[in-house]
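Please open the structure in a viewer and keep the selection panel at hand. The tour below proceeds from one selection to the next.

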Amino acid sequence: MNRLEVQVWRGGAEGAFQRFEVPRRESQTVLDVVTYIQRMLDPTLAYRFACRVGMCGSCAMTVNGKARWTCRTHVDSVVQESKEITIAPLRNLPVIRDLVSDMREFFDKWSRARGYFEGDRTRRDDFAPISCEDKNRKEIDAAIECIGCAVCYASCDVVSWNPDYLGPAALNRAWTLTRDQRDRKRIERLRAVAGDAGCHSCHSHMSCTERCPKRISPTAGIAALKREASLAALKKSL
Ligand code: SF4
Ligand code: SF4
Ligand code: FES
């Protein structure tokens, strides 16, 4: 039978790779490989997934050196001539165990970037309809599809150099909210992202944009945030 050699990270930050052999199957995804190992070879292997269809963002891992969503990554696309595949936890986040990263820092940074909607309507008010033709809405339509997988965060060198940096996903989310006419905290949000660890630290190298499985461009959103924060500073609003 056609077999695949798989090196899988085991343990915490001081762990090591362990080798497994897994049967090759048609249309096999990297998540299928990890699941096979856990079910058939070593039930102690820790990993995370939920939806298996590219919706929840929980299955991201480092596969052959690059961050990817494993449920939508086919083995064929990462294994060319060699029959080997290396699977490790996401970079730039602490490792809990095996393939499971600690996501707290990632989501804490969303909060630090005020990546949450702050309107002024109550549940007793009517909906605030926003036309599909609205210019701001069109601009962020793609960016609001973020699934919080942290692939961009794990691919960002600035996060590696400066662990305080808010990172592409949190800044992308903050940018979408500055374009939401129902939100009431635009200036406060710009203030939250304009500091040393915010949008001005981005080097625009686009690794986040190249790797994002939802084809979002955090780089473009961050560039827009830089412009808005600078304009607000010139107007002395920050
Ligand atoms: S473009 Fe900015 S946020 Fe994206 S990977 Fe590069 S430095 Fe990080
Ligand atoms: S911007 Fe893309 S890569 Fe980053 S968390 Fe959202 S979906 Fe994942
Ligand atoms: S398991 Fe939900 S996105 Fe992969």
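Two strands are taken as paired if DSSP finds at least two bridges between them. The model shown is predicted.

**First stop: strands β3 and β5.** Select residues 60-63, which form β3, and residues 84-88, which form β5; these strands run antiparallel and are joined by 2 bridges. Within this pair, T62 stands opposite A88 of β5.

**Second stop: the whole sheet.** Extend the selection to the 5 strands of the open sheet, whose order is β2-β1-β5-β3-β4 and whose pairing is mixed. At the edges lie β2 (16-23) and β4 (66-69), each of which pairs on one side only. From one strand to the next, the twist averages 35°. Now add helix α1 (residues 30-41), which packs on the sheet and touches β1 (3-10), β2, β3 and β5. The direction of α1 makes about 95° with that of β2.

**Third stop: the hairpin of β1 and β2.** Return to β1 and β2, which run antiparallel and are joined by 8 bridges. Select Q7 to find its bridge partner in β2, R19. Between the two strands of this hairpin there are 5 residues, and G11 takes a positive phi near 95°.

**Fourth stop: the largest nonpolar core.** Which residues touch the most other members of this core? Select V6, I85, I87 and L99, the residues that do so among the 64 in the core. The element that gives the most to this core is α1, with 6 residues. In soluble globular proteins, nonpolar side chains tend to be buried together.

Next, centre the view on I85. Apart from neighbours within four places in sequence, I85 is in contact with L4, E5, V6 and Q7, as well as V30, V63, N64, V78 and V79. Among these contacts, V6 is also one of the core residues that touch the most other members, and Q7 is the bridge partner of R19.

**Final stop: the cavities.** How many cavities of 30 Å³ or more are counted? The count comes to 2, and the largest cavity has a volume of about 150 Å³. To locate the largest cavity, select C156, V158, H205, M206 and S207, the closest to its centre of the 15 residues that line it. Then display α6 (157-161), α9 (207-211) and α10 (218-234), each of which supplies at least two residues of the lining of the largest cavity.

Definitions and conventions
Residues numbered from 1 in each chain as written. Chains lettered and ligands numbered in written order. Predicted model: local features only at pLDDT ≥ 70, side-chain atom pairs only at ≥ 80, totals over all residues. Heavy atoms only, no water. Helix = DSSP H or I, 4+ residues; strand = E, 2+ residues; numbered from the N terminus. Axes fitted to C-alpha atoms, helices over the stretch in contact; angles between N-to-C directions. Contact = heavy atoms within 4.5 Å. Core = buried A, V, L, I, M, F, W, Y, C linked by side-chain atoms within 4.5 Å. Buried < 20%, exposed > 50% of the residue type's maximum accessible area, 1.4 Å probe, protein only. 1 Å grid on protein atoms, 1.4 Å probe; cavity = no way out; pocket = protein on both sides within 12 Å on 5 of 7 lines; lining within 4 Å. Points joined across faces, edges and corners; volume = space filled by probe spheres on them.
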